[in-house]
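Q: Could you walk me through this one? I have the sequence and the coordinates open and would like to go over contacts first, then the strands.
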Amino acid sequence: LKGDVNDNMCAGANKDNLAEFVKTHTKVCTLKPGCMDSGYSIFADGKLYAFDKDSSAKVAGFLKKADSKLQVTITAKQVGDELSLTSIENQN
């Protein structure tokens, strides 16, 4: 999937206009303690996909890298309603 990483707290607060919100959401915001604690999801193809707890921790580690961006390409397996992350990288 190619899409935009969001923390679940901000994504939930902006669910009615998520397509517009992701254009202005910042990496700094996603790394705030409350935002990090809420876990992460990816907005791709007009839909929000939540990561499982372990995958959210991997996303947090990725976002802490200086060169990481919110626009990513991921490989993941769907497990129930959540995604289990295999790989994550900046979109080209």
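Q: Which residues does F51 touch, leaving out those up to four places away in sequence?
A: In this predicted model, F51 is in contact with Y40, S41, I42, S56, V59, I74, E82, L83 and L85, once residues up to four places away in sequence are set aside.

Q: And which members of the largest nonpolar core touch the most others?
A: That core has 15 residues, and the ones touching the most other members are V5, Y40, I42, F51, V59, L63 and I74. At least two residues each come from strand 2 (40-44), strand 3 (47-51), helix 5, strand 4 and strand 5, with helix 5 giving the most, namely 4 residues.

Q: Is there another core apart from that one? What's in it?
A: Another core, of 8 residues, lies apart from it, and its members include A11, F21, C35 and F43.

Q: Back to helix 5, which residues are buried there?
A: Within helix 5 (residues 53-63), the buried residues are S55, S56, V59, A60, F62 and L63. Viewed down the helix axis, these fall within an arc of 160 degrees, so they line one face of the helix, whereas the face turned away from that buried side carries the exposed residues K53, D54 and A57.

Q: Switching to strands, what does strand 4 pair with?
A: Strand 4 (residues 71-79) pairs in the antiparallel sense with strand 1 (residues 2-7) over 3 bridges, and also in the antiparallel sense with strand 5 (residues 82-90) over 8 bridges. T73 is the bridge partner of K2, and in strand 5 the bridge partner of T73 is E89.

Q: How many residues sit between strand 4 and strand 5?
A: The two strands form a hairpin with 2 residues between them, and G80 in the turn has a positive phi of about 65 degrees.

Definitions and conventions
Residues numbered from 1 in each chain as written. Predicted model: local features only at pLDDT ≥ 70, side-chain atom pairs only at ≥ 80, totals over all residues. Heavy atoms only, no water. Pairing = 2+ DSSP bridges. Buried < 20%, exposed > 50% of the residue type's maximum accessible area, 1.4 Å probe, protein only. Arc of directions from axis to C-beta. Core = buried A, V, L, I, M, F, W, Y, C linked by side-chain atoms within 4.5 Å. Contact = heavy atoms within 4.5 Å.
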